[in-house]
Amino acid sequence: MAAEGPAGASPSRSKRADAQRNRETVLTAAAGVFVTSGVDAPIRQIATQAGVGMATIYRHFPTRADLVTAVYQHQIEACAEAGRTLLANADSPLDALHQWIDLFVDFLVTKHGLADALQSDSDRFAALHAYFLDRLLPVCAQLLDAAVEAGDIKPGTQPYELMRGIGNLCIGRDNDPRYDPRRLVALLLQGLQRPQTS
């Protein structure tokens, strides 16, 4: 029988929990560094931001592409989980949809560089894009359906079309600081709403 640690957990379980915490810390730090310094930022910068050694990063992510992929997946998961939480806690399904779209826009605006970094690895990029669609299309569909059922928006909007349209509106943000896609996204969402009856 294995000896138990101070909190009653076995040493191996405690090590796994520490490794998972380190992994999450590295992913969060890398996402922030990628936004400010790009996906080619030095690994040392990410390690410093995460408060871990470089060996910890390489143990979890042997290549830069592994790290970029993991950051992208981590952010997709956060966006997917947010949809359910917002739908449960927002004042209305329309509010939940608006808040989720804001998160989705944040995701798109800050993740263009991540996708670009993986374009040269077409198999990895294709798998990641499929994962993106598999995780986020159902969330968008659930939010749209709830807003339609509440009478907030008109029926007939397809989740893929909405996400694709928003994605297209976000293109160019990196190169033009005068362009804020959120203004056009807000107009798009306004166009989905049912007219208010007096």
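The following dialogue examines helix packing, salt bridges and nonpolar cores in a predicted model.

Student: What is the distance between the end C-alpha atoms of helix α7, and what span should its 12 residues have?

Tutor: Helix α7 covers residues 159-170, and at 1.5 Å a residue it should span 16 Å. The expected value agrees with the separation of its end C-alpha atoms, which is 17 Å.

Student: Within what arc do the buried residues of α7 fall, seen down its axis?

Tutor: The buried residues of this helix are P159, L162, M163, I166, G167 and C170. In an α-helix, residues three or four places apart point the same way, because there are 3.6 residues a turn. The buried residues of α7 line one face of the helix, since they fall within an arc of 130°.

Student: Which residue just after α7 takes a positive phi?

Tutor: The backbone just after α7 includes a residue whose phi is about 100°. That residue is G172.

Student: Which helices does the salt bridge between D106 and R182 tie together?

Tutor: The closest N and O atoms of D106 and R182 are 1.9 Å apart, and the pair forms a salt bridge. The two residues are 76 residues apart in sequence. D106 lies within residues 93-118 and R182 within residues 181-192, so the helices tied together are α5 and α8.

Student: Is R182 buried, exposed or partly exposed?

Tutor: R182 also forms a salt bridge with D180, with the closest N and O atoms 3.8 Å apart. D180 has a relative accessibility of 33% and counts as partly exposed. The relative accessible area of R182 is 31%, and because values between 20% and 50% fall in the intermediate class, R182 is partly exposed.

Student: Which residue of the D176 and R178 pair is exposed?

Tutor: The side chains of D176 and R178 meet in a salt bridge at 3.3 Å, N to O. D176 is partly exposed at 23% relative accessibility. With a relative accessible area of 76%, the exposed residue is R178.

Student: How many salt bridges are there in the model?

Tutor: Among the residues involved, E77, E81, R84 and R135 are linked in a network of salt bridges. The D106 and R182 pair is also a salt bridge. The count comes to 6.

Student: Which helix gives the most residues to the largest nonpolar core?

Tutor: Of the 32 residues in this core, W100, I101, F104, F132, L136, L162 and I166 touch the most other members. The elements giving two or more residues are α4, α5, α6, α7 and α8. With 10 residues, the helix that gives the most is α5.

Student: Leaving aside neighbours within four places in sequence, which residues are in contact with F104?

Tutor: F104 is among the core residues that touch the most other members. In soluble globular proteins, nonpolar side chains tend to be buried together. Beyond its sequence neighbours, the residues in contact with F104 are C79, F132, L136, M163 and I166.

Student: How many residues does the second, separate core have?

Tutor: This core is separate, and among its members are A29, A47, V68 and V71. Its number of residues is 20.

Student: How far from C140 is the nearest cysteine sulfur?

Tutor: A search of the whole structure finds 0 disulfides. C140 is buried, with a relative accessible area of 0%. C140 is in no disulfide, and the nearest cysteine sulfur, that of C79, lies at a distance of 9.6 Å.

Definitions and conventions:
Residues numbered from 1 in each chain as written. Predicted model: local features only at pLDDT ≥ 70, side-chain atom pairs only at ≥ 80, totals over all residues. Heavy atoms only, no water. Helix = DSSP H or I, 4+ residues; strand = E, 2+ residues; numbered from the N terminus. Expected span 1.5 Å × (residues − 1). Buried < 20%, exposed > 50% of the residue type's maximum accessible area, 1.4 Å probe, protein only. Arc of directions from axis to C-beta. Salt bridge = Lys/Arg side-chain N within 4 Å of Asp/Glu carboxyl O. Core = buried A, V, L, I, M, F, W, Y, C linked by side-chain atoms within 4.5 Å. Contact = heavy atoms within 4.5 Å. Disulfide = S-S within 2.5 Å.
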